[in-house]
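Subject: Structure handover

Hello,

Here is the structure I said I would pass on. My notes on it follow below.

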Amino acid sequence: MMKGHMNTKNGDIIIENEVIAKYAGLSAIECFGIVGMAAVSVKDGLVKLLKGDSITKGIHVLVEDNRLTIDFHIIVAYGISISAVTENLMQTVQYKVEEFTGMEVARINIFVEGVRVLD
């Protein structure tokens, strides 16, 4: 798996995909309407809400030519427009991740895995 790699006048910078996924996940759960990241069990088809340190399991980061593709598996809040939530998620994550890494976010794919009523 490729990692983010930048050459500077002082040396090389390598960013692990897990670091990018964690930052993207923390940025995503701050967005209105996002309940959390989801893990889908292929074996039995169950969707599990991820919390805390395990949020990166619902995010896949691919680096090609220092351009990022980020896949999110999310659970959204019931009663909120999915298109509004996902548009906000895309804009927020793209801005924050590009500022954080210095790399271009070429594509963000969002898979809505479930809906949950907020307490």
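In which strand does Thr 69 lie? Thr 69 belongs to strand β6. Before going further, please keep in mind that this is a predicted model.

Overall layout

The protein chain contains two helices and seven strands. Their order along the sequence is β-β-α-β-β-β-β-α-β. The chain has 119 residues, and 39% of them count as buried. Its accessible surface is about 7,200 Å², with 52% of that belonging to carbon and sulfur atoms. If one takes the contacts between residues at least 6 apart in sequence, 65% of them join residues at least 24 apart.

Strand β6 and its partners

Strand β6 covers residues 67–77 and runs parallel to strand β7, residues 104–116, with eleven bridges joining the two. Two of the pairs can serve as landmarks: Ala 77 has Arg 116 as its bridge partner in β7, and Ile 75 is partnered there by Gly 114. Between β6 and β7 the chain passes through helix α2, residues 82–101, and this β-α-β crossover is right-handed.

Strand β6 also pairs with β5, residues 59–64; this pairing is antiparallel and has six bridges. Within it, Glu 64 is matched with Arg 67 of β6. Two residues separate the strands in the hairpin of β5 and β6, and Asp 65 takes a positive phi near 55° in that hairpin.

Strand β3, residues 34–40, is joined to β6 by three bridges, and these two strands run antiparallel. Here Met 37 has Ile 74 as its bridge partner in β6.

How much of β6 is covered? Nine of its eleven residues are buried, so β6 is largely enclosed by the rest of the structure.

Two residues in more detail

Is Thr 69 buried or exposed? The relative accessible area of Thr 69 is 18%, and the limit for buried is under 20%, so Thr 69 counts as buried. Apart from neighbours within four places in sequence, Thr 69 is in contact with His 60, Val 61, Leu 62, Arg 107 and Asn 109.

Leu 49 sits in strand β4, residues 47–50. With a relative accessible area of 16%, Leu 49 is buried as well. Which residues is Leu 49 in contact with, leaving aside its neighbours within four places in sequence? They are Val 35, Gly 36, Met 37, Ile 75 and Arg 116. In addition, the C-alpha atoms of Leu 49 and Ala 39 are 6.6 Å apart, while the two residues are ten apart in sequence.

Helix α1

Helix α1 runs over residues 17–29, which is 13 residues. At 1.5 Å a residue the helix should span 18 Å, and its end C-alpha atoms are 18 Å apart, which agrees. The buried residues of α1 are Asn 17, Ile 20, Ala 21, Ala 24, Gly 25, Ser 27 and Ala 28. These buried residues cover an arc of only 165° around the axis, which puts them on the same side of α1.

Regards

Definitions and conventions: Residues are numbered from 1 along each chain as its sequence is written. This is a predicted model: local features need pLDDT of at least 70, side-chain atom pairs count only at pLDDT 80 or more; totals for chains, interfaces and linings use all residues. Side-chain values use heavy atoms; hydrogens and water are left out. Helices (H or I, at least four residues) and strands (E, at least two) are DSSP runs, numbered from the N terminus. Buried means under 20% relative accessible area, exposed over 50%, partly exposed in between (1.4 Å probe, protein chains only). Contact means heavy atoms within 4.5 Å. Accessible areas come from the Shrake-Rupley method with a 1.4 Å probe; for residues, only the protein chains shown count as cover. Two strands pair if DSSP finds at least two bridges between them. A crossover is right-handed if, with the strands pointing away from the viewer, the path from the first strand over the helix to the second runs clockwise. The expected span of a helix is 1.5 Å times one less than its number of residues. The arc is that of the directions from the helix axis to the C-beta atoms.
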